[in-house]
Amino acid sequence: MNTSTGIRLLLTLIIVGILGIVSIQVLIATPLLSTRLLFAPSPWINWLIGILFSMGILTTLFIGRQKLTYLFDRTENLSKKPSTAMWLGSVITIGIILRLLWVISFPASPSSDGATYLWLAEKLSRGEEYGGTGWRAFWPPGYPFLLSPIVAIFGSSKEVIVGTNLAIYTGTIIGVYFLGRTIGGEACGRIATAIICIWPTHIALTGVPEKEMPLILILVIVFLLLYRRPKNYKIALPAGMILGFGALVQPSVILLTTAVIVSDFLIRSPAKIILMRLALILLGMALIISPWSIRNYQVFDQFVLISTNGGGVFYKANHPEATGGFIRTQWTDQLDQYPELEANALGFKLGMEWIRENPMDFLRLAIEKQILFLGDDSTGIYETLRRGGIQVSEPTYAAWKAVANSYWILIWIIILVGTYRWLSRREPPSILLLPMILVFLYFYSIHSIVESGGKYHLPALGFLAIIAALSITEKQRSHRQSQQRP
């Protein structure tokens, strides 16, 4: 084994190992956070419950490892029986029925961020200027851009929002199937679609306009284009254009190019191909983002790439009373007295000053942000039953929240089993799995620094479904693996 191959293998094992550590974090953080919200005992009791729960899961997995292997094999075999058309048709149909049942049972209204994005889409559909009272670029414009033509043609009723989200769901299923098949074979693609089909928080978001829904689909399409034929650099241009639109939806995805660079290195792409793909991705992103940046320059007479909310979000997560999640305090409220550009710059400045002066508090807060990021997957339940203008009992809300988080734990148990097996063999079943892992770890890292919460892992849902599916179908390897092993 030469030095280059050894480095690639070591990095691959480190990435898979980090995913395994994150899996255990989920098993600790989810009961920890649930206990905190339900009973609010002392922090040490929360941690004790989380640790005991994770130990119980690990013990159960060890004792039942043979039955688990049988269950995985059985699941894989069952997924292969129907034709592809029958499988996809069934998954799409069942998913639509589940989502319609949810919105009929809980007809939520848009609120908070979703209501703002819908309002902006309505303004754009009428030909009005983008912005609101006292701001012109605070909210990223991508989701309103996506919604505005739909609103212009069909209106902004609840039925239109549901129809749009069902169309996005259908596209997500198709994209996840082809990406999963590329990564790990037919069974992997099929099982990944089934995982998305019944994912509770994805179902619960159907009735509300939330930008995470299209972002899941956008990222799946980008990585499908990039890694269906990893050595085809020309496809990087349209992939970059789609990623550029994703950045207009959520600016933080602009740095996902780092995951692409690392992935291309690990799959042994030639340096020339890596550089050409990177150049075309950046060019594609620039083609989509630059018109909005030019508009911002015309409005502010200075450069603003996408939006002006980054500084405020950064400071809310890094100040003396920060909790790691969204919070308004006397410290953050002081930004409201400034124009949006000054508030944005001041937020970054004050946040960085606090981090430099309080490094240990920053590290402690980073752990708390990871708990918030990993410990809850009930965003759809919260947006519907708490913010959606629906009156439901506490037991009803708690029950649906428990369903969502139980499914979340199950997904990560499956992923944990996969990472253990891959580390034991010193290789993942497909080297193309690494981009999927790196996307999730990117969001995990970013939200260990800035504002965190369960909704921030949603853009990676498609990738988590594929990783879990490959954990089940690890014997089903992509035909490309032998050519792309590090």
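## The second largest pocket

By class, 10 nonpolar, four polar and two charged residues make up the lining of the second largest pocket. That is a good place to start in this structure, which is a predicted model. The space in this pocket comes to about 380 Å³, and its lining counts 16 residues. Leu61, Phe62, Leu416, Val417 and Tyr420 are the ones that lie nearest the centre of the pocket.

Which elements give two or more residues to this lining? They are helix 1 (3-39), helix 2 (43-63), helix 3 and helix 19 (394-425). Helix 19 provides the largest share, with six residues.

## The largest cavity

Turning to enclosed space, there is one cavity of 30 Å³ or more. The largest cavity holds about 50 Å³ of space. Around it sit Ser111, Ser112, Asp113, Gly114, Glu210, Glu212, Thr379, Glu383, Arg387 and Lys455. Two elements, helix 5 and helix 18 (379-385), give two or more residues to this lining, and helix 5 gives the most, with three residues.

How do the lining residues of the largest cavity divide by class? Six are charged and four are polar, with no nonpolar residue among them.

## Helix 5 against helix 6

Helix 5 appears again in a helix pair. Spanning residues 112-125, helix 5 has an axis that comes within 8 Å of the axis of helix 6 (residues 142-154), and the two cross at roughly 55 degrees. That angle is why helix 5 counts as oblique to helix 6. The crossing of the two is right-handed.

On the helix 5 side, the contact is made by Tyr117, Leu118, Leu120, Ala121, Glu122, Leu124 and Ser125. Helix 6 meets them with Tyr143, Pro144, Phe145, Leu147, Ser148, Val151 and Ala152. By class, this contact has 11 nonpolar residues, two polar residues and one charged residue.

## Helix 3 against helix 8

Helix 3, one of the elements lining the second largest pocket, also pairs with helix 8. The axes of helix 3 (residues 65-79) and helix 8 (residues 186-197) come within 9 Å, crossing at roughly 95 degrees. Helix 3 is therefore roughly perpendicular to helix 8.

Which residues meet here? Thr75, Glu76 and Ser79 come from helix 3, while Ala187, Arg190 and Ile191 come from helix 8. By class, the contact of helix 3 with helix 8 has two nonpolar, two polar and two charged residues.

Technical notes
Residues numbered from 1 in each chain as written. Predicted model: local features only at pLDDT ≥ 70, side-chain atom pairs only at ≥ 80, totals over all residues. Heavy atoms only, no water. Axes fitted to C-alpha atoms, helices over the stretch in contact; angles between N-to-C directions. Helix = DSSP H or I, 4+ residues; strand = E, 2+ residues; numbered from the N terminus. Parallel < 35°, antiparallel > 145°, perpendicular 65-115°, else oblique. Left-handed = near helix turned anticlockwise from the far one by under 90°. Contact = heavy atoms within 4.5 Å. Nonpolar A, V, L, I, M, F, W, Y, C, P; charged D, E, K, R; others polar. 1 Å grid on protein atoms, 1.4 Å probe; cavity = no way out; pocket = protein on both sides within 12 Å on 5 of 7 lines; lining within 4 Å. Points joined across faces, edges and corners; volume = space filled by probe spheres on them.
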